[in-house]
Amino acid sequence: MKSVYTTALLACAVLISGCSNSEVGDVSLGLFTTKDIKLDFMNDPVVTGVTCHVASVEADLDFSDPSDSAISCRQTGEITAAMIAAIDKSKSGEVIFSKSKSIFFKNMKVRRIFDAENQTLMYVSYSTKETSGSYKHSLSTVPLWGTGAYQLNGSAPSPR
């Protein structure tokens with residue numbers, strides 16, 4: 001009897017751990033499949049005026065989720081010069097989100113890269129494991145034009 005309760009408790013824990021506070025949508029891929037398209041949001045932790053929505057396929061009963069993902073990012077609040085000053089401006093940028101997609105160390109990551117010349121934030125979602133000869137990835141951009149962080153010809157940010 002004790003093992004039945006333990007098993008039930010373990011099953012509930014697994015189901016709860018699959019839930020996400022950031023999930024905003026769930027699209028079933030059909031009655032006879034265990035795969036769904038999960039839609040999650042994430043706010044950039046430094047540039048808080050940017051929200052990204054990521055769509056990825058999750059396979060509930062598989063050891064590994066498919067590597068495909070799509071990302072769309074938009075300005076949803078104020079973007080300031082102080083926020084841009086605080087981000088990593090290297091060519092590789094920085095990982096701002098990571099989600100496990102497999103028990104075999106495959107992750108889906110979102111990386112922010114700043115294109116200073118074009119005054120644009122780039123967000124790329126990608127898989128850390130090669131699939132069918134390719135690393136799956138998707139790109140979205142958020143221009144700084146019209147924000148307090150926009151710099152005209154490398155000068156100080158425009159006043160806002």
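Let's start with one residue: setting aside its neighbours within four places in sequence, T120 is in contact with I113, F114, D115, T141, V142, P143 and L144, where contact means heavy atoms within 4.5 Å. This is a predicted model, so local features need pLDDT of at least 70 and side-chain atom pairs count only at pLDDT 80 or more, while totals for chains, interfaces and linings use all residues. Residues are numbered from 1 along each chain as its sequence is written, and side-chain values use heavy atoms, with hydrogens and water left out.

**T120 and its neighbour Q119**

- T120 is found in strand β7; strands (E, at least two residues) and helices (H or I, at least four) are DSSP runs, numbered from the N terminus.
- With 12% relative accessibility, T120 counts as buried; buried means under 20% relative accessible area, exposed means over 50%, and partly exposed is in between (1.4 Å probe, protein chains only).
- The T120 side chain reaches the backbone oxygen of N118 at 2.8 Å.
- Next door, Q119 sits in the loop between β6 and β7.
- Q119 is buried too, because its relative accessible area is 8%.
- Here's a quirk: Q119 isn't a glycine, yet it has a positive phi of about 50°.
- For background, most residues other than glycine have a negative phi.

**The overall layout**

- The protein has 2 helices and 8 strands.
- Reading along the sequence, you get the pattern α-β-β-β-β-α-β-β-β-β.
- Of its 160 residues, 33% count as buried.
- Take the contacts between residues at least 6 apart in sequence: 41% of them join residues at least 24 apart.

**The four-strand sheet**

- An open sheet is formed by 4 strands in the order β1-β2-β3-β4, with antiparallel pairing; two strands pair if DSSP finds at least two bridges between them.
- Its edge strands are β1 (23–28) and β4, each of which pairs on one side only.
- On average, neighbouring strands of this sheet are turned by 15° against each other, direction ignored; the axes are lines fitted to C-alpha atoms (for helices, over the stretch in contact), and angles run from 0 to 180 degrees between N-to-C directions.
- In general, strands of a sheet pair through backbone hydrogen bonds, either parallel or antiparallel.
- β1 and β2 run antiparallel and are joined by 5 bridges, and S28 has D36 in β2 as its bridge partner.
- These two strands, β1 and β2, form a hairpin with 6 residues between them, and G30 in the turn has a positive phi of about 135°.
- β2 and β3 pair in the antiparallel sense over 9 bridges, with K35 opposite A59 in β3.
- A hairpin through 6 residues joins β2 to β3.
- β3 and β4 pair over 7 bridges, again in the antiparallel sense, and T51 stands opposite R74 in β4.

**The two faces of β2**

- In a regular strand the side chains alternate between the two faces of the sheet.
- For β2 (residues 35–43), the covered face has D36, K38, D40 and M42.
- The uncovered face of β2 has K35, I37, L39, F41 and N43.

**The disulfide**

- How many disulfides does the structure hold? There is 1 disulfide, and it joins C52 to C73, with S to S at 2.0 Å; the cut-off for a disulfide is a pair of cysteine sulfur atoms within 2.5 Å.
- The pair links distant parts of the chain: C52 is in strand β3 and C73 is in strand β4, 21 residues apart.
- The torsion about the S-S bond of C52 and C73 is about 110°, so this disulfide is right-handed.
- Both C52 and C73 are buried.

**The largest nonpolar core**

- This core has 21 residues, and V47, V50, I79, I84, L121, Y123 and L144 touch the most other members; a nonpolar core is a set of buried Ala, Val, Leu, Ile, Met, Phe, Trp, Tyr and Cys residues joined through side-chain atoms within 4.5 Å.
- The elements giving two or more residues to this core are β3 (50–59), β4 (69–75), α2 (81–85), β6 (107–115) and β7 (120–127).

**Q151, after β8**

- Q151 lies in the segment after β8 (137–143).
- Is Q151 buried or partly exposed? Q151 counts as partly exposed, because its relative accessibility is 28%.
- The C-alpha atoms of Q151 and E117 are separated by 9.7 Å, and these residues are 34 residues apart along the chain.

Key:
A polar contact is a pair of N or O atoms within 3.5 Å; within protein, one must be able to donate a hydrogen and the other to accept it, and residues adjacent in sequence count only if both atoms are side-chain atoms.
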